[in-house]
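Visitor: I should like to learn how to read a protein model feature by feature. May we take one example and work through it together?

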Amino acid sequence: MGDEKVKNEAMEIMGLFQVLPRLVVFDLDYTLWPFYCECRSKNEKPSMYPQAKGILHAFKDKGVNVAIASRSPTPDIANAFLQKLEIKSMFVAQEIFSSWTHKTEHFQKINRKTTVPYNEMLFFDDENRNIQAVSKMGVTSILVGKGVNLGALRQGLSEFVKNSASVEKNKEQWRKFSKEPGSSKSDAQ
């Protein structure tokens, strides 16, 4: 399936959801492309998973920003590959550095750069430890098996909508609670 066809199908999938994330964050190795950067040379011509580029373009066309969170120990190679693939300029934030924090530090930096709240982000990664750590920050996080694809996109958007609905429900319950007599907020008025 070509990039344009994937993009159109991804946009169709996005159209099924009333709420979209403000920012979608992608890992690189085994999420956007099928290899570890540190096992490659900057001189090689990289390739992406078949549906990854079309999905990136669909998000951009829908006005959803995209970012990178990668623990690659070779950011020079990762950046060279992003440049060669002609996608480097698509990302509003690119946090590519080695870390033992399971990407929590990456997300803190992305949050500071973009000011997008964690609960308005969607994240795709191939490592469960990163998914677990970032989920605890409030980010909807999706584990991908063989790279990001249309199935992972559908799953991610479904989970994001479900999580958004529970956040809104909690906000509504808080608003009701804070207006009730005896709550500390209404007592102060």
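Guide: We shall go from the overall fold to the cores, then to single residues, the cysteines and a pocket. Please keep in mind that this is a predicted model.

Visitor: How many helices and strands does the protein chain have, and in which pattern do they follow one another?

Guide: The protein chain has seven helices and five strands. Along the sequence they are arranged as α-β-α-β-α-β-α-β-α-β-α-α.

Visitor: What percentage of the residues counts as buried?

Guide: Of the 189 residues in the protein chain, 46% count as buried. As for contacts with a separation of 6 or more, 68% of them join residues 24 or more positions apart.

Visitor: Which residues have the most contacts inside the largest nonpolar core?

Guide: That core has 40 residues, and Phe26, Leu32, Leu56, Phe59, Phe91 and Phe124 have the most contacts within it. Several elements supply at least two residues each, among them helix 1 (3–15), strand 1 (23–26), helix 2 (52–61) and helix 6 (150–179). Helix 2 gives the largest share, five residues.

Visitor: What does Leu56 touch, leaving aside residues up to four places away in sequence?

Guide: Leu56 touches Phe26, Leu32, Met48, Val66, Ile87, Met90 and Phe91. There is also a second, separate core of 13 residues, which includes Ala69, Ile110, Ile131 and Val139.

Visitor: Why is helix 2 described as largely enclosed by the rest of the structure?

Guide: A general idea helps first. An α-helix has 3.6 residues a turn, so residues three or four places apart point the same way. In the present case, helix 2 is largely enclosed because seven of its ten residues are buried. They are Ala52, Lys53, Gly54, Ile55, Leu56, Ala58 and Phe59. After helix 2 comes Gly63, with a positive phi near 80°.

Visitor: Where is Ala58 found, and what does it touch?

Guide: Ala58 is found in helix 2 and counts as buried, because its relative accessibility is 0%. Beyond residues up to four places away in sequence, Ala58 touches Lys7, Ala10, Met11 and Met14. Ala58 and Glu4 are 54 residues apart in sequence, while their C-alpha atoms are 9.0 Å apart in space.

Visitor: Is Lys7 buried or exposed?

Guide: Lys7, which is found in helix 1, counts as buried because its relative accessibility is 13%, and the limit for buried is under 20%. With residues up to four places away in sequence set aside, Lys7 touches Gly54, His57, Ala58 and Asp61.

Visitor: Which residues of helix 5 are buried, and what do they pack against?

Guide: In helix 5 (residues 128–135), the buried residues are Asn130, Ile131, Ala133 and Val134. Their packing partners are helix 4 (104–114), strand 4 (121–125) and strand 5 (140–143).

Visitor: Where do Tyr30 and Lys103 lie, and what is the sign of phi in each?

Guide: Tyr30 is not a glycine, yet has a positive phi of about 60°. Tyr30 lies in the loop between strand 1 and helix 2, and at 29% relative accessibility counts as partly exposed. Lys103, also not a glycine, has a positive phi of about 75°. The place of Lys103 is in the loop between strand 3 and helix 4, and at 1% relative accessibility Lys103 counts as buried.

Visitor: How many disulfides are there, and why?

Guide: A disulfide is a covalent bond between the sulfur atoms of two cysteines. The count here is zero disulfides. The sulfur of Cys37 has its closest cysteine sulfur in Cys39, and the 9.2 Å between them is too far for a bond, because the cut-off is within 2.5 Å. Cys37 counts as buried, at 0% relative accessibility, whereas Cys39 counts as exposed, at 59%.

Visitor: What is the volume of the largest pocket, and which residues lie nearest its centre?

Guide: The volume of the largest pocket is about 180 Å³. Its lining has 13 residues, and Asp29, Tyr36, Arg71, Ser72 and Glu127 lie nearest the centre. By class, the lining of this pocket comprises two nonpolar, five polar and six charged residues.

Key
Residues numbered from 1 in each chain as written. Predicted model: local features only at pLDDT ≥ 70, side-chain atom pairs only at ≥ 80, totals over all residues. Heavy atoms only, no water. 1 Å grid on protein atoms, 1.4 Å probe; cavity = no way out; pocket = protein on both sides within 12 Å on 5 of 7 lines; lining within 4 Å. Points joined across faces, edges and corners; volume = space filled by probe spheres on them. Nonpolar A, V, L, I, M, F, W, Y, C, P; charged D, E, K, R; others polar. Buried < 20%, exposed > 50% of the residue type's maximum accessible area, 1.4 Å probe, protein only. Helix = DSSP H or I, 4+ residues; strand = E, 2+ residues; numbered from the N terminus. Contact = heavy atoms within 4.5 Å. Core = buried A, V, L, I, M, F, W, Y, C linked by side-chain atoms within 4.5 Å.
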